[in-house]
Every structure is written in structure tokens, then in C-alpha cells.
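Today I went looking through the backbone for unusual angles. Here are my notes, in the order I took them.

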Amino acid sequence: MRMRGWVRRAMTMGACVVALACGVTGASRAATGLTPGATAPGFTKTEIGGATVSLSDYAGKVVVLFLFSPGCPYCQQDAPSVEANIFQYYNSTKPGQVAVLGLDVTDYPPNSVLSFKNTYGITFPLLRQCSDVAGAYVQNEAVPFDNYVVINKQGIVRYHSALNWPHGSRYHTNEIKGTVDSLVTNMVDVGEPRATAELSLAIAPNPSPGRSTVRLAVPGSGATRVRVDVLDLAGRHVATLWNAPAPGGSLTLAWDATGTAGRAAPGVYLVRADVDGRRIERRVVLIR
């Protein structure tokens, strides 16, 4: 189905957003889609039940936008996972922090959108007539569907799947969840309760295109034994960034996406710091 006239809109919002899109044919990449650092466009649309919904209504939350077409086979395939592995997952693990909205970017009739909702068991809101939203997020792209964009709480794009994956294979749950996990409140700090605010770990940029700066705040004023490792999600060692005493204060390290086995593949990794018997971890999403 051909897209109707696209209108570009932009507004600053206080939410973290993941925009997801799916398509019907073709295998192109985004030509000039929103890149990390861009401000996320906003919108106001009508939900299939008749309510008016604006992206700004969800300020302060992580918002997942599922840009779909009822007739798109990739959307039909991915919809149950979006429901179960994103919407229901975060409802359970982070209640009140993450919202999901589905946007029909091909302007199908209301009955078709309702049928899509019922067929695939969607319980998050589905919004109608959203073709202009696709144009706002991915410009000059013949097939802007099957696409995922992560935006932080300040309304800035942090991850855009179409810049890294071809149409038809852009839904990577580990990358989407890894990015959301890095942005929601208290999502990834682990370890003993005594690992207080004095001990902190930050990674930037995240997602990382291949080189990240790791900043570790080390409490105390004397030398402390510190070890910083990178692991995959199965707990396998990838790289050691530091394994020596460190003075109190800030320790700045770099990871260039390489390890003992060579260059790491795109995906989600853990940066783990052990500081004088205390442990803190952060997830980092490595993209191409």
C-alpha cells in the first residue's frame, strides 16, 4: 500500500522513546533517517478506540512506538513479540516507567487496524493514520518500515535500527531492550546494597558505534583494588579494561569493541566493575 503525503513535525518531549516500524516489500536502508543526537518528532493521533493520544502525554516515561501496517508480514510476525517481550515485560519489571504505542503508518481502514489488534493479541494502544510519522522519522527512504528508534528522556535519538540493518531484519529485541535498559531508572545497577551513590559507572556513547568511554567513580581517598571487565549476556569474558589498584576519584577507560577473541559482534554486553568487594554493572549496546 502506498504511503500518503508525509508531514514533518518536531517537538521536544521529556520521554525516552523507542520507535519501531515494519514494512511490506524491499530491502533498503534509511537514506537520511534521524541519527543519534537528533530531536525526536512528536505527534497527536486518534487511537482505534477513539481517544486522542499525543506523544507528549507520556513525558517522563520510556515510550515504545511500534510503527506498523496491518498488511505487513514483518509487522504480523513481530507484533506478538512487541506485546510480550517489550510491553508486558516492562509492565512487569518496570511498572509505570514504559509505555508502548502502535502507529499504523499506512493509513488502513479502522476495521483492518482493529482486526490486527485482535488477531495478534495487542493490548497497548494502536493509533490510526500515522503515515506522516514515518516521514518524520525516516526521510527520503523508499521503505521506512521495519524500523526501530530509541530516544532518551530528553527527547534525543539514541539508536536507529534502519541505519544498521536492512528492511525485513530490523527487529532485534536484544538491542532494543538493551538500549531501554540503559535509560530507565535503576535498571542495571546490581550488587550489594552497600554499593552506594559514591560508587558509579557510566558508559558513553550508549549505544556504541564501536568505541565507548567508561567512567568509574571510585569512593575513598586511598588506593583501591579495581577490576573492570566486559562480558556477554551469557557471562562469558570478552575483555578486561582494568585490573590493578586505583586511587579514589574518577577512573576513565576506553573500550574499542575488541577483546581476547577479536572484535566483538553487535549486541548487548555487560561492563562490570568490582571495587573493593563491591560490584556494579552497566549494559552497553554495541552497534555496527
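A cut-off first: I call a residue exposed when its relative accessible area is over 50%, buried when under 20%, and partly exposed in between. I also keep in mind that this is a predicted model.

**Entry 1, positive phi.** Most residues other than glycine have a negative phi, and I wanted the exceptions. I stopped at Asp-276, which has a positive phi of about 50° although it is not a glycine. Where does Asp-276 lie? I found it in the loop between β18 (267-275) and β19 (278-286). Its relative accessible area is 53%, so Asp-276 counts as exposed.

**Entry 2, another one.** I then turned to Gln-129, where phi is near 50°, again a positive value in a residue other than glycine. Gln-129 sits in the loop that runs between β7 (126-128) and α3 (131-137). Is Gln-129 exposed or only partly exposed? I noted a relative accessibility of 44%, and therefore Gln-129 is partly exposed.

**Entry 3, peptide bonds.** Most peptide bonds are trans, which made me check the prolines. Which form does the bond from Ala-204 to Pro-205 take? I read it as cis, with omega near -5°. The bond from Asn-206 to Pro-207 is cis too, and here omega is near 10°.

**Entry 4, where they are.** I placed Pro-205 in the loop between β11 (200-204) and β12 (212-218). Pro-207 also belongs to the loop between β11 and β12, so I marked both cis bonds on my printout of that stretch.

Methods
Residues numbered from 1 in each chain as written. Predicted model: local features only at pLDDT ≥ 70, side-chain atom pairs only at ≥ 80, totals over all residues. Heavy atoms only, no water. Helix = DSSP H or I, 4+ residues; strand = E, 2+ residues; numbered from the N terminus. Buried < 20%, exposed > 50% of the residue type's maximum accessible area, 1.4 Å probe, protein only.
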